[in-house]
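Student: I am new to this structure and would like a close look at one part of the picture, namely the salt bridges. Could you take me through them slowly, and then turn to a place where helices meet?

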Amino acid sequence: MKKIAQLAVARPKAVIAAWLLLLALAVPFALQLEGALKTGGFSDPRGESVKAQRTLERAFDEAPNSLLLVLHSKNGSVEDAVAPAREAVRRDGVSAVTDRATHPEWLSKDGRTTFIQVGFTSDNTTVQNLVPDLQDDVRDAVGENVQVDVTGAPALDYALNVHSKEDVTRAEMIAFPVLFVVLLLVFRSVAAMVVPLLMAGVTLMFTQSIGYGMTQFTDVNSLFTNIVSMVGLAVAVDYSLFIVKRFREELAEGRAVDDALDRTMRTVGHSVLFSGLAVVVALSALFIPRAMSFTSIALGGVAVSLVAVAIAVTLLPAVLSLLGDRINWGTLRSRKKAGEQAGKGDAGKSAATDGRTGGSADGRADGRTGGRTDGRTGGRFSGRPGLVLAGLVVVFAALAAPAAQLTLRVPVASADILPSDDSARIGMERIKQDIGVREMFPVQVVLSADRDQADALLRSTADVASYAKTAPGADKVQAVTSLGLPAGSLSEALADPSGLGADERAALGQLWTLDGDRLVTRVVVTPGADPDSSAAHHLVDDLRDHLGDRADSAVTVRLAGATATGSDFDDLVLRSVPLVVASVALLSFLILLFAFRSVLLPLLALAFNIAVVGASLGFLALVSGNDDHSINSVTPLMLFAVMFGLSMDYMVIMISRMRESYLGGLSHRESVLGGLARTAGLVNGAAAIMVAVFASFTSAQISIVRELGISLAVAVVLDALVIRRLVMPATLLLVGDRVWGRHRRTAPRALAPEQTVAPEQAAAPRSAAATDGEEAGADERLPVAEPTLR
């Protein structure tokens, strides 16, 4: 990285020109990303329910995708609208149109609501794109007195794509103005505030173009854009904040621009590199489940983190090299300070302002306020770290306790993930309220055997149907054994149905068929509760337990249906948790071990991060608002991976400063409290940036994005204000200097009286608006070794 940074400093115009050229090439592809993204991916592609569904589609010639056209009359009977609606949906790709003529139960009791099922041979993406035109055509055909809503899986997916884009746009519209204010308070300079925002904009645009390239090779979920904006804004702005802040400190000490950049990149630049690597490692663990939703999140998070690091170590140093002292342009000063400097020459004014920005009245006030508060905090825990730590452990355990009540459940037959005014959600809720959705989403037991095993297949079917009728949570059961045919003649009828009536043959054809060389039948179990309810999931578990006890190996039995698909995905998540946690922990441990040459520090980092994730999940359980405390299955793993990676920023930045002081000759206690004092203001600013970004996504219309925004915002607050300010220093003081490893470069030395830092002063971090000049002074009082990381 040293050579790359040196190249950026030596030839800044060439580096900037290269990035601008790449950006110009990337923009056209980035603008096409939205149309290339897909939805879905909330199923286990290797689960038995997916295999069973494919068998049903192939054996019974069922449409792979279908839309539900919901008609609701505002004045009276809706039946007159059915015929024109049927005609309006006719188009290429439509394989079947079914209505209340063959399914009388699809008409509400008051006759005002019904729905039409439209089957398609086209793929899901093609059907999604038909939704708006289909809805407009039917509305024109039935007139204004009939409300038309299109729902079903493709319509829900279409709505998810639309609202996902709206969520990202809304979040960025909220986040950027807030970041503008936060960065201005942190830097107190217009130029220094603008640079990180520009770096973030380039990062997002470039990553979106990479995302479009990914869609040409694999399916990418619309969550890609959410994670790119969420993680990208956080890391891009934070990495720029760390580098620009240190660069201004070095300039304030009187160093030349090239020397200041060299020192910045050899210290903070290395920290950024390791922080970015930690984020990449953590998010890469989401590839483990091998489900499209997780894979898309991993692709987005890894790509935007790598781009952010690349920009931080190449484009940003080049920009800073050209700006030089002008990075302090537009510095905010008090009137008093401005008056004192009014008569100074231009050359002297720039240097004086850069070196003494923190000497302004406002800067001193901010620094003193943060210093007193943090100093008192440091004074309280520095003498009683064990007691403070024990109390905080109890607090975090109490915060995490509600997480044990969480139920992980992906909504596969519900529109609750969408905003309440969305047409697809309105249509689904209309069916649920007026007609009922249970018969639309049955649990289907799919049985198959070789064609010479018809008797074995029939016995297994009778056994499954008999058990299902008594299973808790089952309402109705339909199978070939319940068609009313005489038991003695059933085998003959299955072999040759020509002697049956037309209705009987039609019913039999929906339950028993030949698929190549194998016989396929199904037992349709209608649950007594909605498909996403706990009762329906318990029914699936109960049926699977019974089917697992069967001894007839000649018959293959699998469960299909929305509830079974959701259950398989939830099981996939639970199976993946140990692997994800173990891989993230191991790789993060190795990264920090290499960075700090210490075994204890990586172990402490793992413990801190797990505590934060547990506490934020506990908070999410409290605010979930569901009786069963259910959250989307995707949320916990996303929270763990994202938070684990991002929290390493604070760990690396703060520990590296402490280690600098320790290797430079200070005692362990002085290193910990002094490092805390010199980085707490920086961490405050970085945390404020992350909270602003994540909080902006709490306005999301899609529930999973909203859940992640809430939990990440809470996690960052806990991590920055409690873990890094209290838990980490208390733990380091309690453990002692063995935390730094076995060797130190310089023997501990006593400070001169004028250099001695009292505990209250050493632990007093500057506020987010604290000045560069004051922090530079702290560096002079506390000699450090460089570089921090190798």
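Tutor: Counting across this predicted model, one arrives at 22 salt bridges, and a few of them repay a careful look.

Let us begin with Asp 44, whose side chain meets that of Arg 46 in a salt bridge with an N to O distance of 3.6 Å. The two partners sit in unlike surroundings, since Asp 44 has 5% relative accessibility and therefore counts as buried, being under 20%, whereas Arg 46, with a relative accessible area of 34%, is partly exposed.

A second pair joins Asp 99 to Arg 86, and here the closest N and O atoms are 2.9 Å apart. Asp 99 belongs to the loop between strand 2 (94-98) and strand 3 (113-120), while Arg 86 belongs to helix 5 (residues 82-88), so this salt bridge ties together parts that lie 13 residues apart in sequence. Of these partners, Asp 99 is buried at 5% relative accessibility, and Arg 86 is partly exposed at 22%.

A third pair is formed by Arg 657 and Glu 249, with 3.2 Å between the closest N and O atoms. This pair links distant parts of the chain, because Arg 657 is in helix 23 (residues 634-663) and Glu 249 is in helix 9 (residues 223-252), 408 residues apart. Arg 657 is buried, with 7% relative accessibility, and Glu 249 is buried as well, with a relative accessible area of 3%.

Salt bridges can also join into a network, as they do among Arg 246, Glu 250, Glu 253, Arg 255, Asp 259 and Arg 263.

For the meeting of helices, consider helix 7 (residues 153-187) and helix 24 (residues 668-696), whose axes come within 8 Å and cross at roughly 165 degrees. Angles over 145 degrees count as roughly antiparallel, and helix 7 and helix 24 are therefore roughly antiparallel to each other. The crossing of helix 7 with helix 24 is right-handed. On the side of helix 7, the residues in contact are Ala 171, Ile 174, Ala 175, Val 178, Leu 179, Val 182, Leu 183 and Val 186, and they meet Gly 685, Ala 688, Ile 689, Ala 692, Val 693 and Ser 696 of helix 24. Sorted by class, this contact has 12 nonpolar residues and 2 polar ones, with no charged residues.

How values were computed. Residues are numbered from 1 along each chain as its sequence is written. This is a predicted model: local features need pLDDT of at least 70, side-chain atom pairs count only at pLDDT 80 or more; totals for chains, interfaces and linings use all residues. Side-chain values use heavy atoms; hydrogens and water are left out. A salt bridge is a side-chain nitrogen of Lys or Arg within 4 Å of a carboxyl oxygen of Asp or Glu. Buried means under 20% relative accessible area, exposed over 50%, partly exposed in between (1.4 Å probe, protein chains only). Helices (H or I, at least four residues) and strands (E, at least two) are DSSP runs, numbered from the N terminus. Axes are lines fitted to C-alpha atoms, for helices over the stretch in contact, and angles run from 0 to 180 degrees between N-to-C directions. Angles under 35 degrees count as roughly parallel, over 145 as roughly antiparallel, 65 to 115 as roughly perpendicular and the rest as oblique. A crossing is left-handed if the near helix is turned anticlockwise from the far one by less than a right angle, and right-handed if clockwise. Contact means heavy atoms within 4.5 Å. Ala, Val, Leu, Ile, Met, Phe, Trp, Tyr, Cys and Pro count as nonpolar, Asp, Glu, Lys and Arg as charged, and the others, Gly among them, as polar.
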